[in-house]
Amino acid sequence: MDYENIYIEEESNLATITIDRPKKLNALNKRTIEELHDAFNELDADKNIQVIIITGSGEKAFVAGADISEFAHFSVADGGKLAAKGQELLFDFVANLSTPVIAAVNGFALGGGLELAMACHFRVASYNAKMGLPEVSLGVIPGYGGTQRLPQLVGKGRAMEMIMTAGMVSAEKALDYGLVNYVVEQEELVPLCQKLAGKISNNSPVAISQAIKAVNAGYSYDTNGYATEIEAFGACFGTNDFKEGTTAFLEKRKADFPGS
Ligand code: COA
């Protein structure tokens with residue numbers, strides 16, 4: 001797929017995806033969701049890529065939501081399909097990706113924008129970021145996982161307040177809530193994400209992917225987190241990464257993980 005609304009930059013084992021519709025505050029239209037699906041799929045399959053950062057272009061917005069102009073005239077059936085398809089193609093897809101994904105929240109992260117950031121494995125924000133789920137102000141509810149992931153991250157009461165008031169929280173408040181892990185000046189945002197990515201990429205990609213699976217299993221009704229952890233833990237013992245990690249430790253050298 002030729003990308004119109006996103007671009008990808010790669011530097012050694014790190015890929016950065018930038019959503020590039022700044023005039024529309026990077027709102028997620030159908031095409032952008034499809035492009036993001038393809039980009040994540042392609043980068044996840046590339047064994048050379050160990051971490052993905054996602055951000056928005058411009059200084060104002062990460063993503064200001066799903067593109068309202070595309071669904072304003074939808075029927076009940078269309079609305080249901082929009083949510084189901086979006087969750088399958090992007091939000092659940094990112095949450096369950098085996099490659100770690102960091103959201104660099106560089107401005108407004110509203111509605112589908114906050115839902116995308118929450119689907120990522122963790123979030124870093126700049127001071128100008130503002131986050132919220134304003135859907136009820138449009139007569140709809142969050143449909144890309146927001147009613148589930150926001151309470152998981154900030155607690156039920158705070159999530160209920162954010163959803164019901166349709167209000168935005170500042171980056172500092174988001175930090176206090178545990179919605180983001182760090183808040184930095186905008187020019188330090190991507191460098192900090194790159195630094196964190198560097199720390200991640202020192203470790204076993206296979207073990208990291210098993211850890212993502214085990215953590216996520218505890219947040220899904222049809223999987224048991226503890227049972228998944230036991231299975232994933234056992235599976236690690238059959239990997240070359242485990243052989244290399246333990247051998248390197250015993251030989252007092254830095255591990256060089258083959259990623260298999
Ligand atoms: N969908 C479609 N277009 C959007 C959008 C969205 N979610 N968010 C912003 N845009 C567009 C605006 O329509 C405008 O386009 P135009 O220049 O062609 O008129 C452009 O992006 C710039 O937005 P604007 O509203 O002029 O910027 P602002 O600085 O005055 O306000 C926001 C910024 C984020 C407060 C405001 O754009 C907003 O409330 N956006 C919608 C947020 C939302 O409800 N998201 C959840 C959707 S489910």
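Biologist: Let's start with Ala129: is Ala129 buried or exposed?

Modeller: This is a predicted model, and in it Ala129 sits in the loop between strand S7 (122-126) and strand S8 (130-132). Its contacts beyond four places in sequence are Val105, Gly107, Val169, Ser170 and Ala171. The relative accessible area of Ala129 is 1%, and the cut-off for buried is under 20%, so Ala129 is buried.

Biologist: Happy to hear it. How far apart are the C-alpha atoms of Ala129 and Glu59?

Modeller: Along the chain, Ala129 and Glu59 are 70 residues apart. In space, the separation of their C-alpha atoms is 9.6 Å.

Biologist: On to the helices. At what angle do the axes of H4 and H5 cross, and what is that arrangement called?

Modeller: Two packed helices are described by the angle between their axes and the distance between the axes. For helix H4 (residues 112-119) and helix H5 (residues 146-154), the axes come within 10 Å and the crossing angle is roughly 55°. An angle of that kind lies outside the parallel, perpendicular and antiparallel ranges, which makes H4 oblique to H5. The crossing is left-handed, so the answer is roughly 55°, oblique.

Biologist: Which residues of H5 meet H4?

Modeller: From the H4 side, the residues in contact are Glu115, Met118 and Ala119. By class, the contact of H4 with H5 has four nonpolar, one polar and two charged residues. On the H5 side, the partners are Gly146, Arg149, Leu150 and Leu153.

Biologist: And what handedness does the crossing of H5 and H6 have?

Modeller: The axes of H5 and helix H6 (residues 156-165) come within 7 Å and cross at roughly 135°. H5 and H6 are therefore oblique to each other. As for handedness, the crossing of H5 and H6 is right-handed.

Biologist: Which residues of H6 does H5 touch?

Modeller: H5 contributes Thr147, Leu150, Pro151 and Val154 to this contact. Counted by class, the contact of H5 with H6 has six nonpolar, one polar and two charged residues. The H6 residues met are Lys156, Arg158, Ala159, Met162 and Ile163.

Biologist: Now the cysteines. How many disulfides are there?

Modeller: A disulfide needs two cysteine sulfur atoms within 2.5 Å. For Cys120, the nearest cysteine sulfur belongs to Cys193 and is 10 Å away, so by that cut-off Cys120 is in no disulfide. Cys120 is also buried, with a relative accessible area of 3%. The count of disulfides is zero.

Biologist: Good to know. Which cysteine does Gln210 touch?

Modeller: Gln210 belongs to helix H9 (residues 205-217) and is buried, at 16% relative accessible area. Leaving aside residues up to four places away in sequence, its contacts include Ala232 and Ala235. Another partner is buried too, with a relative accessible area of 16%, and that cysteine is Cys236.

Biologist: One last topic, backbone angles. What is the phi of Leu25, and what is the phi of Lys252?

Modeller: Leu25 lies in the loop between strand S2 (14-19) and helix H1 (30-45) and is partly exposed, with a relative accessible area of 23%. Lys252 lies in the segment after helix H11 (240-250) and counts as exposed at 78% relative accessibility. Neither residue is a glycine, and each has a positive phi. The values are about 50° for Leu25 and about 55° for Lys252.

Definitions and conventions:
Residues numbered from 1 in each chain as written. Predicted model: local features only at pLDDT ≥ 70, side-chain atom pairs only at ≥ 80, totals over all residues. Heavy atoms only, no water. Axes fitted to C-alpha atoms, helices over the stretch in contact; angles between N-to-C directions. Helix = DSSP H or I, 4+ residues; strand = E, 2+ residues; numbered from the N terminus. Parallel < 35°, antiparallel > 145°, perpendicular 65-115°, else oblique. Left-handed = near helix turned anticlockwise from the far one by under 90°. Contact = heavy atoms within 4.5 Å. Nonpolar A, V, L, I, M, F, W, Y, C, P; charged D, E, K, R; others polar. Buried < 20%, exposed > 50% of the residue type's maximum accessible area, 1.4 Å probe, protein only.
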